Every structure is written in C-alpha cells, then in structure tokens.
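Trainee: I should like to learn how the features of a model such as this one are read. May we work through them in turn?

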Amino acid sequence: MKQLLTGQQPQAVRPTQKPWSGLVEHYRPWLPVGERTPIVTLLEGNTPLLRAPALEKRIGRGVRVFLKVDGHNPTGSFKDRGMTMAISKAKEAGATAVICASTGNTSAAAAAYARRGGLRAFAVIPDGYVAKGKLAQALLYGAEVLAIRGNFDQALAITRTLAERYPVTLVNSINPYRLQGQKTAAFEVVDVLGDAPDWLCIPMGNAGNISAYWMGFQEYRKAGASRKLPVMHGFQASGSAPLVLGSRVANPTTVATAIRIGNPANWAKALAVRKESRGHFTSVSDGEILAAYRILASEEGVFCEPASAVSVAGMLQHASEIPSEAQVVCVLTGNGLKDPTTALENNQSNLYTNLAPEPDVIAQVMGL
Ligand code: F0G
C-alpha cells in the first residue's frame, strides 16, 4: 500500500500455489468420478475454517472453537458441494432435467449447477416458507419453481413420485452423489486442523449433511489421514425436531425455515451416525437460535442464516459438557444474506430513519 501511495511499482507476485480447481478436482481420488465425467463446477469448496474468539471466551477452559463457513460457497450454502457431484453425474448419465424439493438452498444450488451444465431445473417448494434471497436466486439462475400449498415433506414426496414417473433426475440428498460431494467438507476440516476435531456441531434437517461429514471423517481415518473421529452433535429446532423426538412431526415450525422438516429423508443414516460416533441429538429453541445468530454476526463478524446458527446455539447449550482444551467445529451451512427478512426483524441495532441530510442533525443523533 505504501509503495502504491509513493508511486513505486509493486513487484509482480508469482503464484506459489495452483489456483483452487473445485472440490471434485481437488479430491478426485476420493470421489466416484471417471475420466469421462463432465465436471460441472463453480469452484465450490475450500471454505474458511475460522477461529471464533468471542465464542471461546464465553466457553473458557481452553476450548478452541472453529466455524466452518460454508456460506462462502458459490451459491451461498454447503449444497454446492453436493450439487457439483449430482449435476456432473446426472449429465454423465445423459439427463436433461433435474428436480428437487427444497426449503430454498437446494433449489438455488440445483438451479445454478443445472443451468451451468445446460440442464433444466425444477424446484418444488413450500409456498411462503422459502427465504427471499433463496427464491430470488433460484428464479434468476433459471429454475422452474413450483410452490405448493404444503410443507417440505409433502414437496419431497411429490418430487420422488415425479422422478419415478418422468425423465427427471432427483437431486435431493437421497441422491447418493450429493453426500459424496458433501463429505469433502470433513476432508477440508481435517486438512486444516491436521486431525478431526473432538466435537462436530451441525444443524440437521434431512440429516444428509451430518451423514456426509461422518462418511468423510471415517474415510480419512481409514486411510490414515486422521487419527481420531469426532463426537457428532446434531441439532434441530425445537418445533421441527423429529430426530430428537424419535417420531415424525406433522406440522414443523421454526424461524430457521431451511430446516423446517418433519420427516427427514436420511433418518436411518442419522441414527447410525449418532450410534457410531457416540453422538447426541438435541433441540434448540427459536430464541436460542436467534441469540446465536446475533452473537455470530455482532461478535464474530460472521453473518450466517438462522438454520446455520443452530450449530452454535447447540454448542452453547452444551458448553459445560465440552472437555477442557477440546477442539470444536461448528458448521455454518448457509450465508446470512439468504434471509434478509429475519436479519431485519431480529437485530438489536438502531436504525434511524427519515433524517434531514445535515451534518448537525446526524451528529446530534449520533450523540456527539
Ligand atoms: N442448513 C441449511 C442452511 C440448509 O439449507 C439445510 C437444508 C440444512 C442446514 C440441513 O441440512 O438437510 O442435510 O440435514 N436445506 C435443504 C434445502 C432441506 O432444501 O435447502 P440437511
């Protein structure tokens, strides 16, 4: 900067690392892709693993907290990890159209990758329960959006039927390629930490992501890339907590619309993860979710969407159980910009409106 200001030319810096090539290229040997698979990528993955000092201070006892900020992906959520795989494999198989049910993020990712790959994208969504940013994305990317008078679980049932009856490929997380792509997030965590963390805290909706992380941690451990496995802590919103309750929820409710799901598609897989990792599933209230959401933004500088804050709300609820000096990774699944409505309605900041455009007026409001 100083050089620039004094008019000296900065030295050209030669890149020392190959540019990031997307997660399929980076983790190719770990993924079911062949030489002829047309890789549809937006250079997803390689997202930050960010230390969270304010959360560490709250917990104390030398606990180290990291945020896996997957809202940094191209469409703003972890879904891109699975979608680069699902769309590439659909294209390889000759598909010309894909379909998903979605609370928003899957539809945005499916639309972006499908359109980039030259495929049609259909998204069945619960009318009125998809955050504005997500709907805007799906529409602008060019998805054909079908909003039903019903919830996500009904949308998924319809979508499964349509994929059986018609030549459209299902790209929800029951498509096995989705979880293959998503497991790379666990690889990235280990690649940065040098081993698996002690705890992984993660929100659960359909429980695809927790299953994918577990698969990734297990594969790395088997290959000797890590020594330990994390205890998996899955969290749901208390109004939408079938995996915690052990039974379906007919009318799920929560401010975290991304995980407003009463009948998770990956139920059996999730139970296996809990058992194998000696993990725990618990629920957090909407109040706890919004409190964590505000802490993340106003103390850590990380704007995630409400469903993502569930992992931090859960960690804080169980803070006293975290072993001293342990490493905890909280997965932040989606970007806060996805849901501006919730941010505008749930912040504790002052917005002064209708001010006269005068320095004196502004200074007075500022209390100067
Ligand atoms: N966080 C966010 C931001 C999500 O969008 C989702 C799921 C989850 C967490 C839960 O992940 O289902 O693998 O347990 N969103 C889906 C969608 C349902 O349609 O976008 P999961």
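**Reading the features**

Mentor: Let us begin with exposure: Glu144 has a relative accessible area of 30% and is therefore partly exposed. The classes are buried (under 20% relative accessible area), exposed (over 50%) and partly exposed in between, with a 1.4 Å probe and protein chains only. Please note that this is a predicted model, in which local features need pLDDT of at least 70 and side-chain atom pairs count only at pLDDT 80 or more, whereas totals for chains, interfaces and linings use all residues. Residues are numbered from 1 along each chain as its sequence is written, and side-chain values use heavy atoms, with hydrogens and water left out.

Trainee: With which residue does Glu144 form a salt bridge?

Mentor: A salt bridge is a side-chain nitrogen of Lys or Arg within 4 Å of a carboxyl oxygen of Asp or Glu. The partner of Glu144 is Arg120, and their closest N and O atoms are 2.6 Å apart. Arg120 lies in strand 4 and Glu144 in strand 5 (residues 144-148), so this pair ties together parts that are 24 residues apart in sequence. Arg120 has 43% relative accessibility, which means that this residue too counts as partly exposed.

Trainee: How many salt bridges are found in the whole structure?

Mentor: The search finds 12. Among them is the pair of Arg51 and Glu56, where the closest N and O atoms are 2.6 Å apart. Arg51 is partly exposed, at a relative accessible area of 41%, while Glu56 is buried, at 15%.

Trainee: Which residues are linked in a network of salt bridges?

Mentor: They are Lys68, Asp70, Arg81 and Glu188. Within the network, Glu188 pairs with Arg81, their closest N and O atoms being 2.9 Å apart. Since Glu188 belongs to helix 9 (residues 184-193) and Arg81 to helix 4, the pair ties together parts that are 107 residues apart in sequence. Glu188 is buried, with a relative accessible area of 5%, and Arg81 is buried as well, at 1%.

Trainee: Is helix 9 mostly covered or mostly uncovered?

Mentor: Helices (H or I, at least four residues) and strands (E, at least two) are DSSP runs, numbered from the N terminus. Helix 9 is mostly covered, as seven of its 10 residues are buried. These are Thr184, Ala185, Ala186, Phe187, Glu188, Val189 and Val190. Just after helix 9 comes Gly194, with a positive phi of about 85 degrees.

Trainee: What span should the 12 residues of helix 5 have, at 1.5 Å a residue?

Mentor: The expected span of a helix is 1.5 Å times one less than its number of residues. For helix 5 (residues 105-116) this gives 16 Å, and the end C-alpha atoms are 17 Å apart, which agrees. Of the 12 residues in helix 5, 10 are buried, including Asn105, Thr106 and Tyr113. The buried residues of helix 5 pack against helix 4 (79-92), strand 3 (97-101), strand 4 (120-126), helix 6 (132-141) and helix 8 (176-182). Just after helix 5, Gly118 takes a positive phi of about 85 degrees.

Trainee: Which residues does the UniProt annotation "binding site" cover?

Mentor: The annotation, from an unreviewed entry, covers Asn105, Gly205, Asn206, Ala207, Gly208, Asn209 and Thr333. They are spread over 229 residues of sequence but cluster in space, the largest C-alpha distance being 14.5 Å. UniProt positions are given in the numbering used here, feature names are shortened, and annotations may be inferred rather than shown by experiment.

Trainee: What do Asn105 and Thr333 contact?

Mentor: Contact means heavy atoms within 4.5 Å. Asn105, found in helix 5, is buried at 6% relative accessibility. Leaving aside neighbours within four places in sequence, Asn105 is in contact with Ser77, Lys79, Lys134, Glu305 and Lys338. Thr333 lies in the loop between strand 10 (327-332) and helix 15 (340-345) and is buried at 7% relative accessibility. Not counting residues up to four places away in sequence, Thr333 touches Asp70, Gly71, Gly76, Ser77, Phe78, Pro203, Asn209, Ala307 and Ser308.

Trainee: Finally, to what does the count of disulfides come?

Mentor: A disulfide is a pair of cysteine sulfur atoms within 2.5 Å, and by this rule the count is zero. Cys304 is in no disulfide, and the nearest cysteine sulfur, that of Cys330, is 10 Å away. Cys304 is buried, with a relative accessible area of 2%, and Cys100 is buried at 0% relative accessibility.
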